[in-house]
Amino acid sequence: MEIGLIGLGRMGGNMAQRLLSGGHSVVGFDIREENIREAVQAGVRGAGAIRELVTKLKAPRAVWAMVPNGSPTEETIDMLIGLLEPNDVIVDGGNSRYTDSMKAAERCARKGLHFLDVGVSGGIWGLQEGYCLMIGGPREAFERLEPVFKTLAPPQGYARVGPSGAGHFVKMVHNGIEYGMLQAYAEGFELLKARQEFGLDLRQIAELWQHGTVIRSWLLELAERAFRKDAELASLRGWVEDSGEGRWTVIEAVEQAVPLPAIAESLFARFRSRQEQSFAAKVIAALRAEFGGHAVEALDD
């Protein structure tokens, strides 16, 4: 197939390479010229602007946006709505909030355009292993682009999960689960490390748990790789960012009155990781000193 790809950064650039290796033709644009140059060297037909990208595609067109969620995605979609023709397809492969995707689908429908929201999981390993694709939108558009999905995904790694918004909703929950899994592994390894007299090899244990245990996973494989590089993780700061999907998952849980205690706590743990000095911990220390005369530690000047 022929497809336009907007966003040729780490994720989009790897997707372009996988599509090219699968025999597809890719027209690509990125706001960074160096990303366009690298993509062109790999075989992408470069475009200097979104308008140029559209003109290089044959109708009916398919344009896939891999740009940051929020304003960049909204602006890209609105620009494409103004440039494309009825029966063309717009794909949002970023981590957009599912409610925004539902609204985007409505705007596209008024112009006679198809819209697919695709949750993409695979990270930097996607080029080699393939991307899991969670797809929402009209079945007609899904079936038209199915050759692209087959190339990007590993076997059985893509599916139309429902109507517009469903793809990004499923990806949002997927990322919420990821938060909880990461937190559980992190806490377990911290407890293992705390028992110093056993001299436990965390890399060995991470590798061991990958064979026959109920907690084996790809994340354990990655943990083993990380411990192999730096057994104490001494070069890392314990600062954990969140990209938004975990927050959206917890907010959705509150709105739907669905209890998600593990996922919610994993999100709050990320917030806690960014505090050099927790004010809440200071309050607790102060109160313990007041009611029980418990010792406190002064902050060094």
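**Exercise 1. Find which residues line the largest cavity of this predicted model, and work out which element gives the most to that lining.**

*Solution.* Start with the residues themselves: the largest cavity is lined by Asn95, Ser96, His168, Lys171, Met172, Glu245 and Trp248. Next, look at where they sit. H9 and H12 are the elements that give two or more residues to this lining. Of the elements, H9 gives the most, with 3 residues. Now sort the lining by class: 2 residues are nonpolar, 3 are polar and 2 are charged. Finally, note the volume, about 30 Å³ for the largest cavity. Remember that everything here is read from a predicted model.

**Exercise 2. Decide whether methionine 172 is buried or exposed, and list what it touches away from its sequence neighbours.**

*Solution.* First, place the residue: methionine 172 is in helix H9. Then check its relative accessibility, which is 3%. Buried means under 20%, so methionine 172 is buried. For the contacts, set aside the neighbours within four places in sequence; methionine 172 then touches Tyr98, Glu245, Trp248, Thr249 and Glu252. One more step shows how the fold brings distant parts of the chain together: asparagine 95 is 77 residues away along the chain, yet its C-alpha atom is 7.8 Å from that of methionine 172.

**Exercise 3. Explain why the buried residues of helix H5 can be said to line one face of the helix.**

*Solution.* Begin with the helix: H5 covers residues 98–110, 13 residues in total, and reaches 19 Å from its first C-alpha to its last, close to the expected 18 Å. Then pick out its buried residues, which are Tyr98, Ser101, Ala104, Ala105, Arg107 and Cys108. Looking down the axis of H5, you see these residues within an arc of 165 degrees, so they line one face. A general rule helps here: an α-helix has 3.6 residues a turn, so residues three or four places apart point the same way. As a last step, ask what this face meets: the buried residues of H5 pack against helices H4, H9 and H12 and strands E5 and E6.

**Exercise 4. Describe the surroundings of threonine 76.**

*Solution.* Threonine 76 lies in helix H4. Its relative accessible area is 9%, so threonine 76 is buried. Leaving out neighbours within four places in sequence, threonine 76 is in contact with Ile6, Ile50, Ala65 and Val67.

How values were computed: Residues are numbered from 1 along each chain as its sequence is written. This is a predicted model: local features need pLDDT of at least 70, side-chain atom pairs count only at pLDDT 80 or more; totals for chains, interfaces and linings use all residues. Side-chain values use heavy atoms; hydrogens and water are left out. Helices (H or I, at least four residues) and strands (E, at least two) are DSSP runs, numbered from the N terminus. The expected span of a helix is 1.5 Å times one less than its number of residues. Buried means under 20% relative accessible area, exposed over 50%, partly exposed in between (1.4 Å probe, protein chains only). The arc is that of the directions from the helix axis to the C-beta atoms. Contact means heavy atoms within 4.5 Å. On a 1 Å grid over the protein atoms alone, a cavity is a set of points where a 1.4 Å probe fits but cannot get out, and a pocket is an open set with protein on both sides within 12 Å along at least five of seven lines; lining residues have an atom within 4 Å of a point. Grid points are joined across faces, edges and corners, and a volume is the space filled by probe spheres set on the points. Ala, Val, Leu, Ile, Met, Phe, Trp, Tyr, Cys and Pro count as nonpolar, Asp, Glu, Lys and Arg as charged, and the others, Gly among them, as polar.
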